[in-house]
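Me: I should like to understand how the terms used for a protein model are justified. May I put some questions to you about this one?

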Amino acid sequence: MKNVVKRLCCVGMLLTWALLSPAQQIGTRFPSERKVIKDPKTGVELIFLTSKSGTGDSKIYQTHNQWTSDGKWVIFRSTRVRGEAMAVNEETGDIVQVTEGGFSGMLCVARKSMHLYYMRPLKNKKDERLGMEVVEVNLERLFADSEAGKLKKKKHYERICGLIPQEMGAGGDMALDGSETFAYFRLGKEYAGKFPIKEELSGTFGPRRMGAGPSGIGKIDLTTGKIDHVVSVHFQVGHIQGNPWHPGEVIFCWETGGKAPQRTWMVNADGTNLRPIYRETEYDWVTHEAVISEDELVIAVLGHRKIAEERNMDFSKDWGPSGTKEYATGMAVVNMRTREFTMEGQVDGDNFWHVAGSQDGHWVAGDTFARELWLIDRHTKERILLTAGHKTTARDHVHPTFKPDGTAIEIQSAMLSEDGRSLNICVVKLPQHLLDRYKK
C-alpha cells in the first residue's frame, strides 16, 4: 500500500511539474536552429529558420501576414509545445513561444503594431464550451522580457478582446481588417441561417460533398468586444482575408475542397456590396487567392487534369469540364475595382498551386505540384526558378508568402529533415540582381 501511495505521489508531482514547466509558459526561449544554405539547383540563398525533425512546424496559411511589424520575427505553428505558436527571429534564429493555453484556427499578425491576434476556446468549470475568446498578445513586451530573462505571467502580455458566443459557431478562419481595429470570423451554418440570404441555398458541389450553405461572416471590435453580423451567403465560406490596404473590405471564398462554381468573393464590412471578384467559367478551376495590394488579388487557375477527349471522362460525376490546359491556366492577377484579369504565366508540364505577390507590383510567385518555387516578373513575364526539391507531406505544400518589403519569400519545407517529412520554416532571399532590377 505504501508503494502504491508513493507511486501516486510521484505521478502527481510529475503532472504538477508538467503543468507548471517553463516549457509551457509564454515567452519561453528555444535554441537557434538557423541554417543558411544555397539551393543545389539554382544557387539561391535559403535561410532555414527551423531545421529539426519532429517539431511540427508549419506556416500560417499563405493568405495571411507572417512577419511582425518590425520585420524581425516570423510567427509559425509548432508542436514544440503542443498546441502553441512560436516566433523565430530571422537574423538570430532565436525561437520564442508566443501563446499559452492554446489557439484555434488562424494566427493573425498585425502589420501596424507588434500584436498577435487569435481565437481560443473558453470553457466553464463543467467543461462546457462557452465560445471563442479573441486574444491579443503584446509581442514587443513579450520579446523584451523573454530576452531579459524576466518573464511574468501571461496576463501581463495578453489582453482578452472579447468573447464570440458559442451559438455563433465561430472557428477556423479569422482575419484582421485593414484598420486592425476589428477582426472577421466565419459563422456556423445554424447561426448564419438566421439572417436573410438573397440567393437560393446551394447544395454540395463535387465529389467531396462540400460547399453547401448557408454560412457567413461576423466581426468583432478588438477594443470594445462588440460583435456584429456582416453577411450570410448561400454557400460554405472558406478562407477569409481582410484587405490590409483598404479598411472595411473582406475577401473570402466558396469552399468545396476543389473546383467551386464561383470561388472568389468580397463584401464590405457593413454587409453591403456582396459580389464575385473573378467571374469564372465552368472551365476555370480557381484556387488559393491572396490579396497582394490595395486593388489586386492573385489566383491560381489550375490545369492539372487531362483534356476530356484524352481520358473519355463523364464530367457530370466529377468537377465538371474544369482544370485542363485546353483553356488558359496559370497564375493570374485580378483587379478588384475594374475586374480586369491578367494572366501572368504558367510553368511547362506542371501547374502553379499556391500563389503570392509583392505589394510593389513587380513580382508574383507560386509553388508547383513538384514543390518548386517560381518567380514571375510582372513587367516582362519572365519565369525564374528560385528553388526546388522541397519535400512536404501529401497533405501540405510549400505555401509561399512574400515578406512585406518584397525582399524574401517564406515557405515551409522538409528539405533538411532527416525523415523527409517534417516541415521546417524557410526564408528564400530574392537574388540581389532581381531586387536591383526595379530600384528607383
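Me: In which strand is Asn138 found?

Reply: In this predicted model, Asn138 is found in strand β10.

Me: Why is Asn138 called buried?

Reply: The relative accessible area of Asn138 is 17%. Buried means under 20%, and therefore Asn138 counts as buried.

Me: Which residues does Asn138 touch, leaving aside those up to four places away in sequence?

Reply: With that restriction, Asn138 touches Met114, His115 and Tyr157. In addition, Asn138 and Val98 are 40 residues apart in sequence, and their C-alpha atoms are 9.3 Å apart in space.

Me: What makes Asn138 a cap of α2?

Reply: A side-chain oxygen of Asn138 lies 3.3 Å from the backbone nitrogen of Glu140, and in this way Asn138 caps the N-terminal end of α2. A polar contact requires N or O atoms within 3.5 Å, and the distance to Glu140 is 3.3 Å. A polar atom of the Asn138 side chain also lies 2.9 Å from the backbone nitrogen of Arg141.

Me: Which residues of α2 are buried, and against what do they pack?

Reply: Leu139, Leu142, Phe143, Asp145 and Ser146 are buried in α2. The buried residues of this helix pack against β1 (29-30), β5, β6, β7 (95-97), β9 and β10. After α2 comes Gly149, which has a positive phi near 70°.

Me: What makes up the largest nonpolar core?

Reply: This core has 22 residues, and those with the most contacts inside it are Ile75, Val98, Leu107, Leu116, Val137, Leu139 and Phe143. Two or more residues each are given to this core by β5 (73-77), β6 (85-89), β8, β9 (115-123), β10 (129-138) and α2 (139-148). Apart from it lies another core, of 19 residues, among them Cys108, Met168, Tyr191 and Ile220.

Me: Which residues does Ile75 touch?

Reply: Residues up to four places away in sequence not being counted, Ile75 touches Ile60, Gln66, Thr68, Met86, Ala87, Leu107, Val109, Leu116 and Leu139.

Me: Why does Thr401 count as buried?

Reply: Thr401 is found in strand β28 (residues 401-402). The limit for a buried residue is under 20%; Thr401 has a relative accessible area of 6%, and so Thr401 is buried.

Me: How do you know that the side chains of Thr401 and Lys59 are joined by a polar contact?

Reply: The distance of the contact between the two side chains is 2.9 Å. The cut-off for such a pair of N or O atoms is within 3.5 Å, and the contact of Thr401 with Lys59 satisfies that limit. Lys59 is also one of the residues that Thr401 touches, the others including Gln62, His64 and Trp67.

Me: Is Ser202 buried or exposed, and why?

Reply: Ser202 has 17% relative accessibility, and therefore counts as buried. Ser202 is found in the loop between α3 (189-192) and β14 (212-221). Among the residues that Ser202 touches are His234 and Trp254.

Me: Why is Lys381 called partly exposed?

Reply: Partly exposed covers the range between the buried limit, under 20%, and the exposed limit, over 50%. Lys381 has a relative accessible area of 34%, and so is partly exposed. Lys381 lies in the loop between β26 (373-377) and β27 (383-387).

Me: What is noted about the backbone at Lys381, His288 and Pro214?

Reply: Most residues other than glycine have a negative phi, and most peptide bonds are trans. Lys381, although not a glycine, has a positive phi of about 70°. His288 is not a glycine either, and has a positive phi of about 55°. The peptide bond from Gly213 to Pro214 is cis, with omega near 0°, and Pro214 is found in strand β14.

Me: Where is His288 found, and why is it called buried?

Reply: His288 is found in strand β20. The relative accessible area of His288 is 11%, so His288 is buried, the limit being under 20%.

Me: Which residues lie nearest the centre of the largest pocket?

Reply: Tyr61, His288, His354, Arg395 and His397 lie nearest its centre, within a lining of 31 residues. The elements that give two or more residues to this lining are β8 (104-109), β20 (286-291) and β24 (352-357). The space in the largest pocket is about 880 Å³. By class, its lining has 10 nonpolar, 12 polar and nine charged residues.

Key. Residues are numbered from 1 along each chain as its sequence is written. This is a predicted model: local features need pLDDT of at least 70, side-chain atom pairs count only at pLDDT 80 or more; totals for chains, interfaces and linings use all residues. Side-chain values use heavy atoms; hydrogens and water are left out. On a 1 Å grid over the protein atoms alone, a cavity is a set of points where a 1.4 Å probe fits but cannot get out, and a pocket is an open set with protein on both sides within 12 Å along at least five of seven lines; lining residues have an atom within 4 Å of a point. Grid points are joined across faces, edges and corners, and a volume is the space filled by probe spheres set on the points. Helices (H or I, at least four residues) and strands (E, at least two) are DSSP runs, numbered from the N terminus. Ala, Val, Leu, Ile, Met, Phe, Trp, Tyr, Cys and Pro count as nonpolar, Asp, Glu, Lys and Arg as charged, and the others, Gly among them, as polar. A nonpolar core is a set of buried Ala, Val, Leu, Ile, Met, Phe, Trp, Tyr and Cys residues joined through side-chain atoms within 4.5 Å. Buried means under 20% relative accessible area, exposed over 50%, partly exposed in between (1.4 Å probe, protein chains only). Contact means heavy atoms within 4.5 Å. A polar contact is a pair of N or O atoms within 3.5 Å; within protein, one must be able to donate a hydrogen and the other to accept it, and residues adjacent in sequence count only if both atoms are side-chain atoms.
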